Amino acid sequence: MFNDIGPLELVTLIVLAVLVFGPDKLPKVIQDVTRTIRKIREFSESAKNDIREELGPEFKDFEFEDLNPKTFIRKQLDNEDLGLKEIRNGFDLKKEMAEVTDAVHSRDSDTSSASSGGSIDMTKKPQAPDPDDRPPFDADAT
């Protein structure tokens, strides 16, 4: 419940509670707060049980935590019926990237050796036309 509160923040809250409520009333306030939290939890559990009873026996395994999208997706991805663990474990990103890098480097060395052998270099940019040449006329564009 208080996973994101650090020790310094907790001490600050305690000091503020003592200053606001005073050392005499603080135990009574703590009891009231815990009693209220307990009642809210009981109300929540009874509401969950009522909903489960209304849904019927086909939803007996229904968990309200599954309504959270993260939990739902995580549960579905961990499902063994889909076979996603084998796919996830079979895919090695470092290996795939190394293969792609090797393929790119070998292609670069092949094109540089081929261009020195007299073949056409496809990486060159076309030459700019002379300024005296008119651009080609396109009848459909006008």
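pLDDT is the predictor's confidence in each residue, from 0 to 100. The model used in these exercises is predicted.

**Exercise 1. Confidence**

Find the mean pLDDT of the chain, then say which helix has the lowest mean and which the highest.

Solution.
- Step 1. Start with the whole chain. Its average pLDDT is 77. A score of at least 70 is reached by 75% of the residues.
- Step 2. Go to the elements. The highest mean pLDDT, 91, belongs to helix α1, residues 7–55. The lowest, 67, belongs to helix α3, residues 84–90.
- Step 3. Look at residues 109–116. Here pLDDT stays under 50. For this stretch the model has 2 contacts beyond four places in sequence.

**Exercise 2. Elements and surface**

State how many helices and strands the chain has, and what percentage of its residues count as buried.

Solution.
- Step 1. Count the elements. There are 4 helices and 0 strands. Read from the N terminus, the order is α-α-α-α.
- Step 2. Turn to burial. The chain has 142 residues, and 4% of them count as buried.
- Step 3. Add the surface. About 13400 Å² is exposed. Carbon and sulfur atoms supply 60% of that area.

**Exercise 3. The course of helix α1**

Compare the span of α1 with that of a straight helix of 49 residues, and locate the kink in α1.

Solution.
- Step 1. Take the straight case. At 1.5 Å a residue, 49 residues would span 72 Å.
- Step 2. Take the model. The end C-alpha atoms of α1 are only 43 Å apart.
- Step 3. Find the kink. It lies at G22 and amounts to about 100°. The proline P23 comes shortly after G22.
- Step 4. Check V18, which is also in helix α1. Beyond its neighbours within four places in sequence, V18 is in contact with P23 and L26. V18 counts as partly exposed because its relative accessibility is 32%, between the cut-offs of 20% and 50%.
- Step 5. Move to the end of the helix. G56 follows α1, and its phi is positive, near 105°.

**Exercise 4. A network of charges**

Identify which residues are joined into one network by salt bridges that share partners.

Solution.
- Step 1. Recall the principle. Side chains of opposite charge can pair when their charged atoms come close.
- Step 2. Count the pairs. The structure holds 2 salt bridges.
- Step 3. Take D32 and K28. Their side chains meet in a salt bridge at 3.5 Å, N to O. Both residues lie in helix α1, 4 residues apart, or about one turn.
- Step 4. Take R35 and D32. Their closest N and O atoms are 3.1 Å apart, and they form a salt bridge. R35 and D32 are 3 residues apart in helix α1, so about one helical turn separates them.
- Step 5. Join the pairs. Through shared partners, K28, D32 and R35 form one network.
- Step 6. Check exposure. D32 counts as partly exposed because its relative accessibility is 29%. R35, at 40%, also counts as partly exposed.

**Exercise 5. Contacts of K48**

Which residues does K48 contact, leaving aside its neighbours within four places in sequence?

Solution.
- Step 1. Place the residue. K48 sits in helix α1.
- Step 2. Name the contacts. They are F64 and E65.
- Step 3. Consider F64. K48 and F64 are 16 residues apart along the chain, and 8.0 Å separates their C-alpha atoms.
- Step 4. Classify K48. Its relative accessibility is 22%, so K48 counts as partly exposed.

Definitions and conventions: Residues numbered from 1 in each chain as written. Predicted model: local features only at pLDDT ≥ 70, side-chain atom pairs only at ≥ 80, totals over all residues. Heavy atoms only, no water. Helix = DSSP H or I, 4+ residues; strand = E, 2+ residues; numbered from the N terminus. Contact = heavy atoms within 4.5 Å. Buried < 20%, exposed > 50% of the residue type's maximum accessible area, 1.4 Å probe, protein only. Areas by Shrake-Rupley, 256 points an atom, 1.4 Å probe, with all protein chains shown as cover. Expected span 1.5 Å × (residues − 1). Bend = angle between axes of the 7 residues up to and from the residue. Salt bridge = Lys/Arg side-chain N within 4 Å of Asp/Glu carboxyl O.
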